[in-house]
Amino acid sequence: MEFDYVIIGAGSAGCVIANRLSANPSVSVALVEAGGRDSYPWIHIPVGYFKTMGNPKTDWCYRTQPDPGLNGRSINWPRGKVLGGSSSINGLLYVRGQPQDFDHWRQLGNAGWSWGDVLPLFRRAENWEGAPSPERGVGGPLNVSENKVDRDIIDAWVDAAANAGYRRTDDYNREDQEGVGFFQMTMKNGRRCSTAAAYLKPVLARKNLHIFTHAHTDRIEFEDKRATAALVRINGKNQRISARREIILSAGAIGSPQLLMLSGIGDQHDLGQHGIAATHHLPGVGRNLQDHLQARPVFKCNASTINTETKDPFQLAKIALKYALKRSGPMAMAASLGTAFLKTHPALETPDIQFHLQPFSADNIADGSHDFSAFTASVLQLRPESRGHIELVSSKPEDYPAIHPNYLATKTDCETLVAGIKIARAVCRTDPVKSLITEEHAPGPAVADNDDAAILEWARNTSTTIYHPTGTCKMGQDKMAVVDEKLRVYGVSGLRVADASIMPTITSGNTNAPTIMIGEKLSDLILEGAG
């Protein structure tokens, strides 16, 4: 049980790293995943996130602490627990972010992370099926397709936004993100293209790549502050997996800081409260938590939507048959179809809000869709100022950490979300979508458009995560940074972190594509002999 590299977490970044490092036959690579194989059929059917989120076989099923910004509500935080990680259960939406996001990372002192540095990594990762562009990649492992599912209500919203004065975009993943259009998806031939499908499946036969599933890492072992082994429970049996060169932590924005703290890397005062001896005092571990909070305005309509179609057994059979025969139709639908990256104020340099347009609606996905025809114009703030944290509740690896998102804790965050909700309503008062809407279901007419306090209160009572936790092992040069620009954990050797937790600031949009890029970047850093 000794390897050159031990990667903990076979998620969006971990699968990438396992592929790239094991391409060298002279090194041995162990990939350690707490979840199982991605054999559950619903993983591979795009609409299967309805079956995988909240399912303990594929989801860690985290839940936040009561959050003051949500009027004391606790909410579910799904995270993938399976080969492919969250890329196996997410909404398949592919968004790189704005060039300014990465230039800002560089401005914070992280050499090698500017837009010019990371664009080649995005291009290398992807196989873009859309119109050729020098900014898009072809031939990479990750298939990225254009939207292939048309819904009249979503088309009408996009047209209405254009009529309201917002410009259209046919590719928000180029230099300029701004505009209204349709999502791109990690999908191939009507099936989900997770990092397990894209990066792992093609290389399973490599003799130097060893994949351990149902393998829960309890902590990392150190000798003279050098990471030497992962202590792992495989099907309940304790194992020690040693690393001759490095251990790479890719357990995600919750799992990575938890594992660092369990291993004695974190705030020594907090660790001491749980009887954990400090290997290295690093107070930033678990701090700097960021997420995208979505408000979900819902509009009843007279157009056909998933809500009513899935309530009709005949329609449901037609949908299933269409997917079985053609890999198309609603079962080949990502979590959202239409999108918009817009500014709440014209003086802004770049968009500060994003829309996810969905031809269905629900109070809670777990409870099923509404029994009336409706669509959702979900809106979020792209770059929240609020910062939360993750902390241990005990020294036991099986005890989930406490998650404190700290949503809507600043004036800017509150004002931006309220402005986004108003834009959603304004577009819905514009034709052609206006003529298809019969009633605003939420927030509803009782919440007046000129009453910002009432809109904010509705948002606090109903908003939820859109599943983008980041930042808890941030990259940087300041005293709260956890890793340097080469993703090496400060204060120890032989240990790096590569996943969404290293983001100093959250990217402007869905975070899966940047996390895959982080995996590509770490692979280069190791292969180039950095550090």
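Gly255 is buried, with a relative accessible area of 13%; buried here means under 20% relative accessible area, exposed means over 50%, and partly exposed is anything in between, using a 1.4 Å probe and protein chains only. The model is predicted, so local features need pLDDT of at least 70 and side-chain atom pairs count only at pLDDT 80 or more, while totals for chains, interfaces and linings use all residues. Residues are numbered from 1 along each chain as its sequence is written, and side-chain values use heavy atoms, with hydrogens and water left out.

Gly255 belongs to helix H8, where helices (H or I, at least four residues) and strands (E, at least two) are DSSP runs, numbered from the N terminus. Helix H8 covers residues 252-262 and is mostly covered, with 10 of its 11 residues buried. Alongside Gly255, the buried residues include Ala253, Ile254, Ser256, Pro257 and Gln258. The C-alpha atom of Gly255 is separated by 9.2 Å from that of Ser501, although the two positions lie 246 residues apart along the chain count. Just after H8, Gly264 takes a positive phi of about 90°.

Let us turn to the interior. The largest nonpolar core has 158 residues; a nonpolar core is a set of buried Ala, Val, Leu, Ile, Met, Phe, Trp, Tyr and Cys residues joined through side-chain atoms within 4.5 Å. Val6, Trp157, Phe355, Phe375, Leu487 and Leu495 touch the most other members. The largest share of this core, eight residues, comes from H12. In soluble globular proteins, nonpolar side chains tend to be buried together. Leu487 offers a good look at such surroundings: leaving out residues up to four places away in sequence, Leu487 touches Trp113, Met475, Leu495, Arg496, Val497, Ala498, Ile502, Ile518, Leu522 and Leu525, where contact means heavy atoms within 4.5 Å.

Now follow helix H12 to its partner. The axes of H12 (residues 411-428) and H13 (residues 452-462) come within 10 Å and cross at roughly 95°. That makes H12 roughly perpendicular to H13. Axes are lines fitted to C-alpha atoms, for helices over the stretch in contact, and angles run from 0 to 180 degrees between N-to-C directions; under 35 degrees counts as roughly parallel, over 145 as roughly antiparallel, 65 to 115 as roughly perpendicular and the rest as oblique. On the H12 side, Cys414, Leu417, Val418, Ile421, Lys422 and Arg425 take part, and they meet Asp452, Ile455, Leu456, Trp458, Ala459 and Arg460 of H13. By class, this contact of H12 with H13 has eight nonpolar, no polar and four charged residues; Ala, Val, Leu, Ile, Met, Phe, Trp, Tyr, Cys and Pro count as nonpolar, Asp, Glu, Lys and Arg as charged, and the others, Gly among them, as polar.

Another helix pair brings together H1 (residues 14-22) and H14 (residues 512-527), which pack at an angle of about 30° with their axes 8 Å apart. That makes H1 roughly parallel to H14. Val16, Ile17, Arg20 and Leu21 in H1 meet Ile516, Gly519, Glu520, Leu522, Ser523, Ile526 and Leu527 in H14. Sorted by class, the contact of H1 with H14 has seven nonpolar, two polar and two charged residues.

The loops hold some details of the backbone. Most residues other than glycine have a negative phi, and most peptide bonds are trans. The peptide bond from Asp431 to Pro432 is cis, with omega near 10°, and Pro432 lies in the loop between H12 and strand E24 (437-442). A cis peptide bond also runs from Ala442 to Pro443, with omega near 5°; Pro443 lies in the loop between E24 and H13.

Asn71 has a positive phi of about 55° although it is not a glycine. Asn71 sits in the loop between strand E3 (62-63) and strand E4 (76-77) and is partly exposed, with a relative accessible area of 37%. Asn288, also not a glycine, has a positive phi of about 65°. Asn288 lies in the loop between strand E16 (280-281) and strand E17 (293-295), and at 16% relative accessibility Asn288 counts as buried.

Finally, visit Ser493, in the loop between strand E25 (464-465) and strand E26 (495-497). Ser493 is partly exposed, with a relative accessible area of 30%. Leaving aside neighbours within four places in sequence, Ser493 is in contact with Lys225, Arg226 and Ala227. The C-alpha atoms of Ser493 and Ala227 are separated by 6.3 Å, and these residues are 266 residues apart along the chain.
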